[in-house]
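Biologist: I should like a close look at a single part of this model, followed by an account of how the rest of the assembly is arranged.

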Amino acid sequence: MATTAAAPSAFPSPFSIETPAGCEGWEEMYPYYAVFDERRRDTDENRFWFWNSMHFPFPVPAFDVLCIDSPYQAVGSWQNRVFAVPPAMGIDYRIVNGYVYISGNPVTDPAKISERAEFFQARAGHYYANWSELYAMWRAKMEALIAELGDLKVPELPEYEPDEVAFGEDRNTAFYEVLTAYGRALRLGDLMWQNHFEFLLLGYGAYGTFAELCKTHLPDIPDQHIAQMVAGIDVLLFKPDAELRRLAGLALQMGVDAAFASGRTPAEIDAELEQSEAGRSWLAELEKVKDPWFNMATGDGLYHYYRSWLDDPRIPYASLTGHIDALRQGASVERPTAELARERERLAQEYGALLDPGTRQAFDELLALSRTVFPYVEEHKFYCDYWFLTRWWNKVREFGELLKLHGFLDDAEDIFQLTRHEVATALDELVLTWATGGVALGPKHWPPIVEVRKQLLQRMAEWTPPPALGTTPEVVTDPMTIMLWGVTTERVREWAGQEEGGLVLRGAAASPGLVEGIARVISSVDEITEVQDGEILVCGSTSPAWAPIFPKLRATVTDVGGVMSHAAIVAREYRLPAVVGTGRATAVIRTGQTIRVDGASGVVTVLEP
Amino acid sequence: MSPAAGAGYGRALSELTGADAASFGGKSAALGELLTAGMRVPPGFALSREAFTLARDEGAMPAVVREQIALHYAALEQQTGTREPPVAVRSSAVGEDSATATFAGQQQTLLWVRGVDAICDAVQICWDSLFSAEAVAYRRHLADTDDPAMGVAIQLMVDAAVSGVLFTCNPLSGDPSMVAINASWGLGLAVVGGEVTPDDYLISKVTGELVRERVGTKTLQYVPDPAGSGVKRSAVPEDRAAARCLDDDALAALLDVARATERHFGCRQDVEWAIARSGSPPENVFVVQSRPVTTAATPAPAAPVSAISLVMAKFGAKP
């Protein structure tokens, strides 16, 4: 067995992590290549791995691994093989006790770097030069993809094939149709992830360059001001909440607001509204906005259990109730878009005027470029992570129904406990035995596996992953790691310092304000409705989809995230103090503790141990 | 001698402009500029270098200069409705407070001076300070004058609850979008003399938000001597020493002062200010001195390059 002495590091070796009691055998539900394996120890142990808690705050169910594989296949394809970012190839991932750790692959050979630079300049240059046209094409592509997903039928397995198969031309039998539909569903997911990353890197890069210029010449500029100068005002992601605000006003005008009494479920509210003519008209108005605006996810979308507002209306209904309460108290619930737009221009003008003429020119050009690319940076989330992905999980659920119907699963939802390859295998046996009329083993084979994995996921959720593993890097240079995850040299040092424990957490100052309050630690999106007025939300990462509950909060604290994240911008608009990227707030802080959040300095203090 | 004949020696601060710096010194001229610009500056008057030269030649306080002091001081008495109001007497050396050398602290300041006799004595101390060992050495290093001369500014005292210094940039990082404020209890001596760790505030000039704040330990303060003239040092009670000494209104008023001063002079300023015990911001916030910042770091101006080449460099694709 090849072993290498681990370099002294503030972080544990990935090979030293023990399997928590009750989690034995967890590796079995993940691909062989997705775990730390002795055969790759030499390289894996001497790398820096950080927990991607921004995208994977919880243990990953077997099927959801597609949302690890596919994104990293896609991001690496664009970054490494299409644009050939000079110093960085793609991002590797490994799973430890169900949690996802990632590490970038650097390019170190100077000759290779300059070879790649030529590709990058030509190809990225083309994208920057034609951004708006390319992005218009991208939106059309995404809408077509979502439409195709909607049209994709999960075939039934009839006792007798219909007459067309016998008498028509070029007809396929159901065994082929089922396998084809499943394969197509997987490929549509891959296509979405491919689209997801087409512009992302370049978008963040333009923004990051602008931010760097600002910080060089205006060293103390709050990160939020940089984001404010760039962020769009009237962007897609604000539409769902804007529609809810409008509907809240309408409910008052139509005199149906009493239905939104606190403590009622969406179904109870609907039932009361159905009682009156006005209530029914209001529901008809609601129906009109649901497509597409209720295709928001209840979380950041990478887990199958983040349903859309269509599937789980608790968040939009809580938000409607909140807006109605505010309106009753005479508050305005309109987003002051004109004022925000004026402030955005004022900031740009005033900061620009402080710079020398040479810098001013670069500032103006980079700001213009950043504003050109930013709609994509903001809107891809709605198209990909919310709209497409929530519908795609539902399509997978349809295959779950098929397997349940034939006894392969006890519950359609159990399909997510199988890997996508196991589902293919199960479908293979299903269509085989449907065709042959033989006895299927699946009903005896799969349910026990599902049970074991449900238990494993529960046990693994109780384990707290360290923020990083492996060698502590002297400097973090990978542009993606820095731009997308906010994992900088400084952040790694802070994490290393925190390894000893302690009641002070440091992160990025995302939205200013100093407050104290009771912490509410959220480890699952289901708990989001438990948040009480005036609490401080502590979570893996906040999603802009959670913005409607922001008015209830006193502050937010996250494990991972950067100040340019949309959630940070929204927090700022709600004047909600926020500290993001603390590394392990959810591990250190417990619900009910009193904590202090300083959104201006990025410090979170646990006051009550 | 008629008052007009002595106008070359003494002048109300409000009548001075930048052009008078050669005669009255930079400090007095700057205060004149600020008054003209409508800033809240305690009124007062100034003595010219000619007054200094005359005194040097006569070897004592010339009668014509003393007459000017009495005349302008009487105007202050009238203006305030107070007999013998306390004033600050500060040197305003010609060549001082230029953009390259501040002479900060090299010259004399006498606080809470009352009555014409006491003012004349204080002026004489200022004049003498021009030949202190420190001032001579400083001039040798940083200023190119063989013929040093001295103006004097005499300005109504603000009975300060809080005072301090502000920079219209962050002097440490050079960030021009920030206003850095140091503040402590009582008169400004404690802050400029470095005798306390003042409260330290960094405010965005663009949005007015408090970007950073560090509350200092302000264990002592200077207050008017109860005996009637001069100042004395006193201890600050523990709880007050660690308390924030500026509230949001005061910070907002100082931010306005910073913006207006910088706009008026067209360059970064280092401003001494005081907040009077009576009244409330912004009415009780006074500028007592303003001079160009000489020491702040300045980020190197960027060579004019295209935005795209900067983005390329960000990805490690240097052109």
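Which strands of chain A does helix H2 (residues 66-82) of chain A lie across?

Modeller: This is a predicted model. Helix H2 (residues 66-82) of chain A lies across S2 and S3 of chain A, and it runs at about 165° to S2(A).

The two strands beneath this question belong to an open sheet of 4 strands in chain A, with antiparallel pairing and the order S2-S3-S1-S4. Strand S2 (88-96) and strand S4 (468-470) of chain A stand at the edges of the sheet. Each has a single partner strand, so one side of each is left without a neighbour in the sheet. On average, neighbouring strands of this sheet are turned by 30° against each other, direction ignored. The partner of S2(A) in the pairing is strand S3 (residues 99-106) of chain A; the two run antiparallel and are joined by 7 bridges. Within this pair, A:Val96 is placed opposite A:Tyr99 in S3(A).

From the sheet one may turn to the division of chain A. The domain assignment of chain A gives domain 1 (130-202 + 382-461), domain 2 (236-334) and domain 3 (502-606). Between the C-alpha centres of domain 1 and domain 2 of chain A there is a distance of 31 Å. Where these two domains meet, 8 residues of domain 1 of chain A are in contact with 13 residues of domain 2 of chain A. On the domain 1 side, the residues divide into 6 nonpolar, 1 polar and 1 charged.

The nonpolar interior draws on both chains. The largest nonpolar core has 263 residues, and those with the most contacts inside it are A:Phe210, A:Phe388, A:Val538, B:Val89, B:Leu254 and B:Trp273. Helix H14 (residues 357-405) of chain A gives the most to this core, contributing 22 residues. In soluble globular proteins, nonpolar side chains tend to be buried together. Leaving aside residues up to four places away in sequence, A:Phe210 touches A:Ile226, A:Val230, A:Leu366, A:Leu367 and A:Ser370.

The contact between the chains comes next. It takes 39 residues from chain A and 31 residues from chain B. On the side of chain A that touches chain B, helix H3 (110-129), helix H7 (200-217), helix H13 (337-353) and H14 of chain A each supply at least two residues. The most comes from H7(A), which gives 8 residues. The residues of this side of chain A divide into 22 nonpolar, 12 polar and 5 charged.

On the other side of the contact, helix H10 (residues 307-314) of chain B deserves attention. Its buried residues are B:Ala307, B:Leu310, B:Val311, B:Met312 and B:Lys314. These buried residues of H10(B) pack against H3, H7, H14 and helix H17 (479-485) of chain A. Just after H10(B), B:Gly316 has a positive phi of about 80°.

As for chain B itself, the chain contains 10 helices and 13 strands, and buried residues make up 48% of its 319 residues. Of the contacts in chain B between residues at least 6 apart in sequence, 66% join residues at least 24 apart.

One helix of chain B is notable for its burial. In helix H2 (residues 26-36) of chain B, 10 of the 11 residues are buried, so the helix is largely enclosed by the rest of the structure. The buried residues are B:Gly26, B:Lys27, B:Ser28, B:Ala29, B:Ala30, B:Leu31, B:Gly32, B:Glu33, B:Leu34 and B:Leu35. Their cover includes helix H1 (21-24), strand S2 (44-47), strand S3 (87-93), strand S5 (150-156), helix H9 (248-265) and strand S13 (285-292) of chain B. H2(B) is followed by B:Gly38, whose phi is positive, near 85°.

H2(B) also takes part in the contact between the domains of its chain. Chain B is assigned domain 1 (3-156) and domain 2 (160-292). Their contact takes 21 residues from domain 1 of chain B and 19 residues from domain 2 of chain B. H2 and strand S4 (109-113) of chain B each supply at least two residues of the domain 1 side. The largest share of that side, 5 residues, comes from H2(B). By type, the residues on the side of domain 1 of chain B that touches domain 2 of chain B divide into 12 nonpolar, 4 polar and 5 charged.

Key. Residues are numbered from 1 along each chain as its sequence is written. Chains are lettered from A and ligands numbered from 1 in the order in which they are written. This is a predicted model: local features need pLDDT of at least 70, side-chain atom pairs count only at pLDDT 80 or more; totals for chains, interfaces and linings use all residues. A residue is buried if 20 or more other C-beta atoms lie within 10 Å of its own, exposed if 12 or fewer, and partly exposed in between; C-beta atoms are placed from the backbone. Two residues are in contact if their C-beta atoms, placed from the backbone, lie within 7 Å. A nonpolar core is a set of buried Ala, Val, Leu, Ile, Met, Phe, Trp, Tyr and Cys residues joined through C-beta atoms within 7 Å. Two strands pair if DSSP finds at least two bridges between them. Axes are lines fitted to C-alpha atoms, for helices over the stretch in contact, and angles run from 0 to 180 degrees between N-to-C directions. Ala, Val, Leu, Ile, Met, Phe, Trp, Tyr, Cys and Pro count as nonpolar, Asp, Glu, Lys and Arg as charged, and the others, Gly among them, as polar. Domain bounds come from an automatic or database domain assignment.
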